[in-house]
Amino acid sequence: MSQMTQTLTSTPPTDDLVVPFHCDRCGALAKVRVVLASGSDLVFCGHHAREYESKLRDIAVDFIDTEGEQRVTA
């Protein structure tokens, strides 16, 4: 019987959004990645990114919009 060990991983580089990530709210294709101060990240489809944008920008260290290639670093 084998044992599983947990491995902490860091937030993937921005270029990794080329791999199809899915919205944390609905599962649709992600268009926005929000990096938090803790190093973790959230990804959202365009709809949910717009819905939560003001709150996300308040807590984001990095806000990456892959549609318009807009990157805002706090």
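## Salt bridges

A salt bridge is counted here when a side-chain nitrogen of Lys or Arg lies within 4 Å of a carboxyl oxygen of Asp or Glu. In this predicted model, that rule gives two salt bridges. Side chains of opposite charge can pair when their charged atoms come close.

One of the two bridges joins Asp-41 to Arg-33, with 2.8 Å between the closest N and O atoms. The partners differ in burial class: Arg-33 is buried, at a relative accessible area of 4%, whereas Asp-41 is partly exposed, at 24%.

Arg-57 and Glu-53 also form a salt bridge, with an N to O distance of 2.8 Å. Both residues belong to helix α1 and sit four residues apart, which is about one turn of the helix. Arg-57 is partly exposed, with a relative accessible area of 29%, and Glu-53 is likewise partly exposed, at 29%.

## Nonpolar core

In soluble globular proteins, nonpolar side chains tend to be buried together. The largest nonpolar core in this model consists of 10 residues: Cys-23, Val-32, Val-34, Leu-36, Phe-44, Cys-45, Ala-49, Leu-56, Ala-60 and Phe-63. At least two core residues come from each of β1 (32-36), α1 (46-59) and β3 (60-65). Strand β1 makes the greatest contribution, supplying three residues.

Leu-36 is one of the core residues. Apart from neighbours within four places in sequence, Leu-36 contacts Leu-42, Ile-59 and Val-61.

## Cysteines

The model contains zero disulfides. For Cys-26, the closest cysteine sulfur belongs to Cys-45 and lies 3.8 Å away. A disulfide requires the two sulfur atoms to be within 2.5 Å, so the separation of 3.8 Å between Cys-26 and Cys-45 is too far for a bond. Seen from the other side, Cys-45 is also in no disulfide, and its nearest cysteine sulfur is that of Cys-26.

The two cysteines also fall into separate accessibility classes. Cys-26 is partly exposed, with 45% relative accessibility. Cys-45 has 7% relative accessibility and is classed as buried; this cysteine is also listed in the largest nonpolar core.

Definitions and conventions
Residues are numbered from 1 along each chain as its sequence is written. This is a predicted model: local features need pLDDT of at least 70, side-chain atom pairs count only at pLDDT 80 or more; totals for chains, interfaces and linings use all residues. Side-chain values use heavy atoms; hydrogens and water are left out. A nonpolar core is a set of buried Ala, Val, Leu, Ile, Met, Phe, Trp, Tyr and Cys residues joined through side-chain atoms within 4.5 Å. Buried means under 20% relative accessible area, exposed over 50%, partly exposed in between (1.4 Å probe, protein chains only). Contact means heavy atoms within 4.5 Å.
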